[in-house]
Amino acid sequence: MFLKGIYAGKPAVFQLIVLLLLILAGAVFSSLIAMGIFYFIYGFHAEITQDPDMMRLLQLFSAIGTFLFPALALAWLCSNNPKEYLSIGEMPKGHILLLTFFSVFLLSPAISLTGLLNRQMELPSFMEPMENWMRVQEETAEKLTLMLLAGEGFVTLILNLIVIAVAAGVTEEFLFRGALQRVIGKWTHNHHIIIWSAAIIFSAFHMQFFGFLPRMLLGAYFGYLLYWSRNIWVPVFAHFVNNAFAVIGMSNARLKDNEFITGDISTQNLLPYTIVAIITLFLFYSCAKRIKKQLSAK
């Protein structure tokens, strides 16, 4: 079939360059389509940040173009079996999904604590311009998230879950776990190096440096889920659960200012929260071991 597997025997550097070019092309093309739709409907003088629905549409197009399209295209170009290349298998059984759900829930306090520590990061004085730039990027990303979550009601919540949890979970996992880990795997067969390298790139790609460590740790866990299961839908579900927790928490008026939900733990609650995080981390480890055992037994 047309172009299928033409780069299957190419070295990792070549396939990585192809992937980067596909990401660039997908990002530009999807943005042009989304913005074209917006200007066609509202005119060239409209401001997209004033319309959360159009921002969600732009985010959806961006996720598909930047993450999903490059992953699918690379799998097609670099393999005669694209489904196997991306580890696309059958939907996981219910008990695996349930264990995965609980594992993400149990990991959340430790991830939040890591994020709290990450936000305390300060660079040396001679790197102050870089630190200022990093903080601007963080504030921009936070404003974008708040704009996407703007609005009330059940319909808005469902739309946010579709864009931020479902679409992000599918598209990002297909790219970073499905495609990128496969490319890195051509360099080394050490699965720890493969998983952590992809996790570092995954976190850096988001350009949110004061959330780098927690996102890297999550990315690594998603990578191990793929390694254990050989099925992309397991880390996709874990990614969805993590993002869904955030969307639901930020969309609820009573929850979005709760420090135990936001992770912005006050000094007086830091010790009890740390104790909870340590306990749940041990429970997470037990849960993850059970997931690994059941997936390895297949």
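1. Leu159 is partly exposed, since its relative accessible area is 34%, a value between the 20% limit for buried and the 50% limit for exposed residues. The model discussed in this note is a predicted one. Leu159 belongs to helix α6, which covers residues 154-184. Together with Phe154, Val155, Ile158, Ile162 and Val166, Leu159 makes a nonpolar surface patch of about 530 Å².

2. Helix α6 also holds a charged pair, Glu173 and Arg177, placed four residues apart, or about one turn of the helix. Their side chains meet in a salt bridge, with an N to O distance of 2.7 Å. The structure holds one salt bridge. Both partners, Glu173 and Arg177, are buried. In general terms, side chains of opposite charge can pair when their charged atoms come close.

3. The largest nonpolar core has 28 residues, and those with the most contacts inside it are Leu74, Tyr85, Leu86, Phe174 and Leu175. Four elements give two or more residues to this core: α1 (12-42), α2 (52-78), α6 and α7 (191-205). The largest share, nine residues, is provided by α2. As a general background, nonpolar side chains tend to be buried together in soluble globular proteins.

4. Which residues does Leu74 touch, not counting residues up to four places away in sequence? They are Gln15, Val18, Leu19, Leu22, Tyr85, Ala179 and Val183. Among these partners, Tyr85 is itself named with Leu74 as one of the residues with the most contacts inside the core. Apart from this core lies another, of 24 residues, which includes Met216, Leu218, Tyr224 and Val241.

5. Thr280 is found in helix α11, residues 267-296. Is Thr280 buried or exposed? Thr280 is buried, because its relative accessible area of 13% falls under the 20% limit. The side chain of Thr280 reaches the backbone oxygen of Ala277 at 3.1 Å. When neighbours within four places in sequence are left aside, Thr280 is in contact with Leu106 and Pro109.

6. Two residues other than glycine deserve a check of their backbone angles. Ser87 has a positive phi, near 60°, and lies in the loop between α3 (82-85) and α4. With a relative accessibility of 13%, Ser87 counts as buried. Arg230 likewise has a positive phi, near 55°, and its place is the loop between α8 (212-229) and α9 (233-251). For context, most residues other than glycine have a negative phi.

7. Where is Glu122 placed? Glu122 lies in the loop between α4 (94-118) and α5 (128-148). Glu122 is exposed, because its relative accessible area of 66% is over the 50% limit. The C-alpha atom of Glu122 is separated by 34 Å from that of Phe101, and the two residues are 21 residues apart along the chain.

8. In summary, helix α6 holds the residue Leu159 of the surface patch, contains both Glu173 and Arg177, and is among the elements that give two or more residues to the largest nonpolar core. Glu173 and Arg177 are buried, whereas Leu159 is partly exposed.

Methods. Residues are numbered from 1 along each chain as its sequence is written. This is a predicted model: local features need pLDDT of at least 70, side-chain atom pairs count only at pLDDT 80 or more; totals for chains, interfaces and linings use all residues. Side-chain values use heavy atoms; hydrogens and water are left out. Patches are made of residues with over 30% relative accessible area and no salt bridge: like charges are joined within 9 Å, nonpolar side chains (Val, Leu, Ile, Met, Phe, Trp, Tyr) within 5 Å. Accessible areas come from the Shrake-Rupley method with a 1.4 Å probe; for residues, only the protein chains shown count as cover. A salt bridge is a side-chain nitrogen of Lys or Arg within 4 Å of a carboxyl oxygen of Asp or Glu. Buried means under 20% relative accessible area, exposed over 50%, partly exposed in between (1.4 Å probe, protein chains only). A polar contact is a pair of N or O atoms within 3.5 Å; within protein, one must be able to donate a hydrogen and the other to accept it, and residues adjacent in sequence count only if both atoms are side-chain atoms. Contact means heavy atoms within 4.5 Å. A nonpolar core is a set of buried Ala, Val, Leu, Ile, Met, Phe, Trp, Tyr and Cys residues joined through side-chain atoms within 4.5 Å.
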